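The exercises below concern one chain and its ligand. Work each task from the structure before reading its solution.

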Amino acid sequence: MVVKLLLEITDLAVEVSGKQVLNDIDLYIDEGETHVLLGPNGSGKSTLFMTILGFPKYNVTNGEILFKGEDITHLNTTERVKKGVGVSFQNPPAIRGVRLMDLLKVEGGQDPSDEDLSPEMMELAHKMKLDQRFLDRDVNLGFSGGEVKRSEILQLLAQQPDFIMFDEPDSGVDIENVELLAEEINHLLDKDKKPGMRKKSGLLITHLGYILNFVNADTAHVLMDGRIACSGNPSEILEDIRKEGFKGCVECCGIH
Ligand SMILES: Nc1ncnc2c1ncn2[C@@H]1O[C@H](COP(=O)(O)OP(=O)(O)OP(=O)(O)O)[C@@H](O)[C@H]1O
Ligand SMILES: [Mg+2]
């Protein structure tokens, strides 16, 4: 079986509001793989996420991003999403005047004038514990932290992207709900299929790695001061970070 490279990031440098945040980033994710991005606060994890998504204020000063073999470095966010990039934000905005169910209709390819969500989507909403009262509310407006994260995952279930980035899907979420989110993340990333049969890929950003108790990842990367300072086996790297902290883990990788 030929394994296809889905995301190829080479020698990437990114500047935000006049500050150079990322440097020398090389990241290669194959079809069917899930990678984890770890790193202390302010190391540049969300910046990498937003750059891959193509937010305009994240200015690529060097390098390139290829997706499905195509250079997407200068495409806008809408074009990238259409090509199969999906995201769950760390802190998504509330969208006043747009009901969650109307957004879900568009994301799921339903006719926006349909009165109801499709039975399949209703079943998924029920699974994510977002009943009709939530579906009728404006997106994320007044949602609790856990409800926001469940709404993000539900939207991804509607979109079914080929490559999904999750920015701290477990932060601020209680244990039971982390397990619920993880179950759906596993579906989204084809984890219920054998490794060789998986088509979907993911990049999972997490601080404490708690979600990795429920979602298996293939490779982990540690971002320090805007550079990937260590890459390797996720459980070994996490164990190192827990024992030695981020600095100790990176020193162990031989990069100071
Ligand atoms: N719009 C901006 N203007 C100025 N500096 C920014 C901007 N966005 C990000 N930065 C800076 O870039 C650095 C990396 O931020 P980023 O949000 O990517 O970190 P992070 O690794 O996601 O942190 P956390 O774990 O806290 O979410 C920080 O020092 C941050 O202040
Ligand atoms: Mg962040």
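Two strands count as paired if DSSP finds at least two bridges between them. This applies to the hairpin of E1 and E2, where two residues lie between the strands and Ser 17 takes a positive phi near 45°. The model is a predicted one.

**Exercise 1. The antiparallel sheet**

Task: Determine the order of the strands in the open sheet of four strands, and state which strands form its edges.

Solution.
1. Read across the sheet: the order is E2-E1-E4-E5, and the pairing is antiparallel.
2. Look for strands that pair on one side only; these are E2 and strand E5 (70–71), the edge strands.
3. Examine the pair E1 and E2. Strand E1 (residues 5–16) is joined to E2 by eight bridges, and the two run antiparallel.
4. Check the register. Leu 7 is opposite Ile 29 in E2, and Ile 9 is opposite Leu 27 in E2.
5. Add the helix. H1 lies across E1, E2 and strand E4 (58–67), and runs at about 65° to E4.

**Exercise 2. The mixed sheet**

Task: Trace the sheet of six strands and place the helices H1 and H8 on it.

Solution.
1. The six strands form an open sheet with the order E6-E9-E10-E3-E11-E12 and mixed pairing.
2. Its edges are strand E6 (85–88) and strand E12 (227–232), each of which pairs on one side only.
3. From one strand to the next, the twist averages 20°.
4. Take one parallel pair: strand E3 (residues 34–38) and strand E11 (residues 219–224) are joined by four bridges. Within this pair, Leu 37 stands opposite His 221 in E11.
5. Place H1, which packs on this sheet and touches E3, E6, strand E9 (163–167), strand E10 (201–205) and E11. The direction of H1 makes about 150° with that of E9.
6. Place helix H8 (residues 234–252), which lies across E3, E11 and E12 at about 10° to E11.

**Exercise 3. The ligand shell**

Task: Describe the residues around ligand 1 by distance, by element and by class.

Solution.
1. There are 13 residues around ligand 1, and those that come nearest are Ser 17, Asn 41, Lys 45, Ser 46 and Thr 47.
2. Strand E2 (19–30) and helix H1 (45–53) are the elements that give two or more residues to this shell.
3. H1 provides the largest share, three residues.
4. By class, the shell holds two nonpolar, nine polar and two charged residues.
5. Return to the hairpin of E1 and E2: Ser 17, with its positive phi, is among the residues that come nearest to ligand 1.

**Exercise 4. The sides of a helix**

Task: Find which residues of H4 are buried and which are exposed, and identify what covers the buried ones.

Solution.
1. Apply the cut-off: a buried residue has 20 or more other C-beta atoms within 10 Å of its own, an exposed one 12 or fewer.
2. In helix H4 (residues 119–127), Met 121, Leu 124 and Ala 125 are buried.
3. These residues lie on the same side of H4 because they cover an arc of only 100° around the axis.
4. Pro 119, Glu 123 and His 126, on the other side of H4, are exposed.
5. The cover over the buried residues includes helix H3 (100–107), helix H5 (132–135) and helix H6 (145–159).
6. Now take H3, whose buried residues are Leu 100, Met 101, Leu 103, Leu 104 and Lys 105. They pack against strand E7 (95–99), H4, H5, strand E8 (138–139) and H6.
7. Inspect what follows each helix: Lys 129, after H4, has a positive phi near 55°, and Gly 109, just after H3, has a positive phi of about 75°.

Definitions and conventions. Residues are numbered from 1 along each chain as its sequence is written. Chains are lettered from A and ligands numbered from 1 in the order in which they are written. This is a predicted model: local features need pLDDT of at least 70, side-chain atom pairs count only at pLDDT 80 or more; totals for chains, interfaces and linings use all residues. A residue is near a molecule or strand if its C-beta atom, placed from the backbone, lies within 6 Å of it. Ala, Val, Leu, Ile, Met, Phe, Trp, Tyr, Cys and Pro count as nonpolar, Asp, Glu, Lys and Arg as charged, and the others, Gly among them, as polar. Axes are lines fitted to C-alpha atoms, for helices over the stretch in contact, and angles run from 0 to 180 degrees between N-to-C directions. Two residues are in contact if their C-beta atoms, placed from the backbone, lie within 7 Å. The arc is that of the directions from the helix axis to the C-beta atoms.
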